[in-house]
Amino acid sequence: MLRIAVPNKGSLSGPAAEMLHEAGYQQRRESKELRIVDPENEVEFFYLRPRDIAIYVSSGKLDIGITGRDLLIDSAAKAEEILPLGFARSTFRYATKPGTANGVKDLTGMTVATSYEGIVAGHLADHGIDASVVHLDGAVETAIELGVAEVIADVVETGTSLRNAGLEVIGEPIMKSEAVVIRRIGAEADDSVESKVQQFLRRLQGVLVARTYVMMDYDCRVEQLEKAVALTPGLESPTVSPLHNEGWVAVRAMVPAKEAQRIMDDLYDIGARAILTTAIHACRL
Ligand SMILES: Nc1ncnc2c1ncn2[C@@H]1O[C@H](COP(=O)(O)OP(=O)(O)OP(=O)(O)O)[C@@H](O)[C@H]1O
Ligand SMILES: O=P(O)(O)OC[C@H]1O[C@H](OP(=O)(O)OP(=O)(O)O)[C@H](O)[C@@H]1O
Ligand SMILES: [Mg+2]
């Protein structure tokens with residue numbers, strides 16, 4: 001039975017459960033359930049605080065987990081990222097009232113409020129800056145107004161929270177984060193666990209591909225085939241089938257969903273017709 005840590009609350013928990021569901025795993029029915037067994041897939045899910053997940057995984061009690069890259073780094077736990085998941089994307093940044101500082105070099109002697117002390121202390125040390133760090137559990141944007149700190153370091157997605165507090169980002173982002181699958185560093189390769197981990201990763205990769213690609217079908221004249229295939233090279237190579245009408249072929253290839261409309265226009269311009277896209281629901285590459 002593969003033992004997997006899943007976020008129980010916060011920004012990571014909904015999208016993580018949705019992705020696991022799309023990958024064919026049973027998920028809990030109500031938010032108070034602490035663990036569930038999915039016997040068909042031989043997996044047990046433990047619903048834990050996102051911040052604690054790297055600690056459980058690094059201890060070896062759980063095989064893998066889903067958490068944020070920022071939380072993994074902040075924890076300094078002996079666990080490593082093995083698959084980025086593309087949701088809960090954010091940057092981690094310093095912010096101040098306008099006119100306080102322009103970058104990390106100006107922070108000497110100041111107090112920085114954050115929920116991510118590990119990341120901030122490491123970043124200040126890397127830049128040789130002697131500043132104090134005060135830990136707050138959340139809503140750190142208010143710390144400056146209330147005089148607890150001159151600077152904050154926090155997760156920024158849209159920037160709305162900063163704007164609402166009258167703050168602006170300073171300097172370069174400290175890091176970029178997103179949800180990731182993590183595993184203990186140096187986990188010894190027990191064959192049965194290893195093959196289950198690989199199967200789990202293939203399933204999630206299948207969801208990522210199904211979310212980012214669409215299947216495109218079209219007909220084109222044989223003379224235009226090379227140009228058309230250059231527009232839709234597919235992942236391996238497109239499928240080309242003869243049509244009953246001589247001189248025409250049908251082409252099928254996966255294309256990035258974001259580029260689908262532009263590719264359809266370009267195909268139309270070189271004479272392709274009956275151009276269709278269909279959603280991919282599941283996939284193994
Ligand atoms: N607004 C956001 N957009 C994207 N990711 C976010 C956002 N806020 C937090 N995260 C990510 O969520 C993870 C933190 O999860 P955690 O549950 O501790 O905080 P939270 O999502 O802010 O929830 P809570 O409501 O408990 O504060 C981190 O990986 C962080 O980067
Ligand atoms: O740039 P934005 O789109 O505004 O998102 C960033 C905000 O979202 C999170 O806060 P959350 O609402 O989870 O509250 P918290 O500070 O108590 O964690 C994070 O800590 C920032 O405050
Ligand atoms: Mg939060």
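Select residues 210–281 of the chain in this predicted model. This stretch is 28% helix and 40% strand, and the C-alpha atoms at its two ends are 6 Å apart. In UniProt, an unreviewed entry lists residues 210–281 under "domain: Histidine biosynthesis HisG C-terminal".

Within this stretch, select strand β15, residues 273–279, and pick out Ala274, which lies in that strand. Although Ala274 is not a glycine, its phi is positive, at about 50 degrees. Is Ala274 buried or exposed? Ala274 counts as exposed, because it has 11 C-beta neighbours inside 10 Å, and a residue with 12 or fewer is placed in that class.

Next, colour the chain by domain. The division gives domain 1 (2–86 + 179–187), domain 2 (90–177) and domain 3 (213–279). Domain 1 is therefore written as two segments of the chain, whereas domain 2 and domain 3 are each written as one. How far apart do the C-alpha centres of domain 1 and domain 3 lie? The distance between these two centres is 39 Å.

Now zoom out and display the whole chain as a cartoon. The secondary structure comes to 9 helices and 15 strands. The radius of gyration is 24 Å, well over the 19 Å that the globule rule gives for 285 residues, so the chain is more spread out than a compact globule. Along the principal axes, the C-alpha trace spans about 80 × 50 × 35 Å. Of the 285 residues, 32% count as buried. Among contacts with a separation of 6 or more, 68% are between residues 24 or more positions apart.

Move on to ligand 1 and show the residues around it. There are 15 of them, and Gly10, Ser11, Gly68, Ala88 and Glu157 come nearest. Two elements, α1 (10–22) and α3 (69–75), give two or more residues to this shell. Helix α1 supplies the largest share, 3 residues. Which domains each contribute at least three residues to the shell around ligand 1? They are domain 1 (2–86 + 179–187) and domain 2 (90–177). By class, the shell has 5 nonpolar, 6 polar and 4 charged residues.

Stay at ligand 1 and select Ala88, one of the residues that come nearest to this ligand. Ala88 is found in the loop between β5 (79–84) and β6 (90–96). Phi of Ala88 is near 55 degrees, a positive value in a residue other than glycine. Why does Ala88 count as buried? The reason is that Ala88 has 25 C-beta neighbours inside 10 Å, and 20 or more are needed for that class.

For the last stop, select ligand 2. The residues around ligand 2 include Gly138, Ala139 and Glu141, together with a run that takes in Asp154, Val155, Val156, Glu157, Thr158, Gly159, Thr160 and Ser161. Strand β9 (151–156) and helix α6 (160–164) each supply at least two residues of this shell. The largest share, 3 residues, comes from β9. By class, the shell around ligand 2 has 3 nonpolar, 5 polar and 3 charged residues.

Finally, keep both ligands in view and select Glu157. This residue is listed around ligand 2, and Glu157 is also among the residues that come nearest to ligand 1.

Terms used: Residues numbered from 1 in each chain as written. Chains lettered and ligands numbered in written order. Predicted model: local features only at pLDDT ≥ 70, side-chain atom pairs only at ≥ 80, totals over all residues. Helix = DSSP H or I, 4+ residues; strand = E, 2+ residues; numbered from the N terminus. Rg over C-alpha atoms; globule rule 2.2 N^0.38 Å. Contact = placed C-beta atoms within 7 Å. Near = placed C-beta within 6 Å. Nonpolar A, V, L, I, M, F, W, Y, C, P; charged D, E, K, R; others polar. UniProt positions renumbered as here; feature names shortened; annotations may be inferred.
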